[in-house]
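Morning, everyone. Please bring up the structure on your screens, and I'll walk you through it.

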Amino acid sequence: MLSLPDENNRNKEAVESKSDGVFSLADCFKSLKTTGRFVDKNQFDCKTCQCKTNALWSVALQRQPQSLLISLRRTLWNLEKGLQKDSRRVKFPIELDCSDILDLEKNRTSPDEDFEGCHYGLNSVVSHSGSSPRGTVVLFNDSSVTPTSEASVLKAEAFILMYERLGILSIEST
């Protein structure tokens with residue numbers, strides 16, 4: 001689950017302030033990769049030393065899957081309004097270059113043999129219209145799928161993005 005950047009921009013180093021309210025998929029990944037601290041009341045409960053201790057956390061993406069499913073967290077919570085939909089726009093590419101997203105040390109090789117080929121092509125987009133984050137249960141099937149333009153897809157309020165790794169033979173083509 002990938003969150004949209006904090007709307008209060010508490011971590012300005014990770015994500016630049018967006019006056020137009022539009023974020024890129026890269027902004028969301030930068031927000032994910034920020035580090036945090038467990039201190040004071042939120043200390044980490046260490047199972048090794050059996051005590052509470054200050055700790056740092058971070059997220060690193062180190063492998064390239066064949067399929068990359070990105071689910072954008074589209075809900076916000078605040079005391080005044082409760083649970084609400086986050087309708088901020090996220091720009092996403094048709095072709096995603098994951099070389100900046102993968103967190104590999106410069107002196108270490110990738111766990112994947114062909115690290116250079118970390119490009120993904122957009123395969124499908126799930127979007128949600130409406131204001132209620134609770135939504136309604138809807139059944140989708142391939143009998144009602146309609147073609148659409150690339151421009152229309154790129155304007156969608158994406159909830160889920162499905163990318164397929166490029167440059168690798170799929171099972172169907174072998």
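Start with strand β1. It runs parallel to strand β7, residues 67-73, and 2 bridges join the pair. Look for S3: across from it, in β7, stands R73. Before I go further, keep in mind that this is a predicted model.

Now widen the view. β1 and β7 belong to an open sheet of 5 strands. The order is β1-β7-β13-β12-β11, with mixed pairing. Which strands stand at the edges? They are β1, residues 2-3, and β11, residues 95-97. Each has a single partner strand, so one side of each has no neighbour in the sheet.

For context, the protein chain has 13 strands and 2 helices. There are 174 residues, and 26% of them count as buried. Take the contacts between residues at least 6 apart in sequence: 72% of those join residues at least 24 apart. The accessible surface is about 12700 Å², with 51% of that belonging to carbon and sulfur atoms.

Next, helix α1, residues 25-32. Its buried residues are L25, D27, C28 and F29. What covers them? The cover includes β1, β2, β7, β10, β11 and β13.

That takes us to the core. The largest nonpolar core has 20 residues. Those touching the most other members are L25, I70, L72, L96, L161 and Y163. Four elements each supply at least two residues of this core: α1, β7, β12 and β13.

Let's zoom in on I70. Set aside its neighbours within four places in sequence. I70 is then in contact with L2, L25, F29, L96, F159, I160, L161 and Y163. Two of those names, L25 and F29, you just heard among the buried residues of α1.

On to charges. How many salt bridges does a search of the whole structure find? It finds 3.

One joins the side chains of K85 and E157, at 2.7 Å from N to O. K85 lies in strand β9, residues 82-85, while E157 is in the loop between α2 and β13. So this pair ties together parts that are 72 residues apart in sequence. Is K85 buried or exposed? Buried, because its relative accessibility is 12%, and the cut-off for buried is under 20%. E157 is partly exposed, at 26%.

Another salt bridge links R88 with D86, at 2.8 Å from N to O. Here R88 is buried, at 15% relative accessibility. D86 is buried too, with a relative accessible area of 3%.

The remaining pair is D45 and K47, whose side chains meet at 3.6 Å, N to O. D45 is partly exposed, at 37% relative accessibility. K47, at 62%, counts as exposed.

Last stop, the surface. Go to strand β4, residues 44-46, and find F44. At 40% relative accessibility, F44 counts as partly exposed. F44 also helps make a nonpolar surface patch, together with F38 and W57. The patch covers about 270 Å².

To recap. The sheet is open, with β1 and β11 at its edges. The core draws at least two residues each from α1, β7, β12 and β13. And the K85 and E157 salt bridge ties together parts 72 residues apart in sequence. Thanks, over to you.

Definitions and conventions:
Residues are numbered from 1 along each chain as its sequence is written. This is a predicted model: local features need pLDDT of at least 70, side-chain atom pairs count only at pLDDT 80 or more; totals for chains, interfaces and linings use all residues. Side-chain values use heavy atoms; hydrogens and water are left out. Two strands pair if DSSP finds at least two bridges between them. Buried means under 20% relative accessible area, exposed over 50%, partly exposed in between (1.4 Å probe, protein chains only). Contact means heavy atoms within 4.5 Å. Patches are made of residues with over 30% relative accessible area and no salt bridge: like charges are joined within 9 Å, nonpolar side chains (Val, Leu, Ile, Met, Phe, Trp, Tyr) within 5 Å. Accessible areas come from the Shrake-Rupley method with a 1.4 Å probe; for residues, only the protein chains shown count as cover. A salt bridge is a side-chain nitrogen of Lys or Arg within 4 Å of a carboxyl oxygen of Asp or Glu. A nonpolar core is a set of buried Ala, Val, Leu, Ile, Met, Phe, Trp, Tyr and Cys residues joined through side-chain atoms within 4.5 Å.
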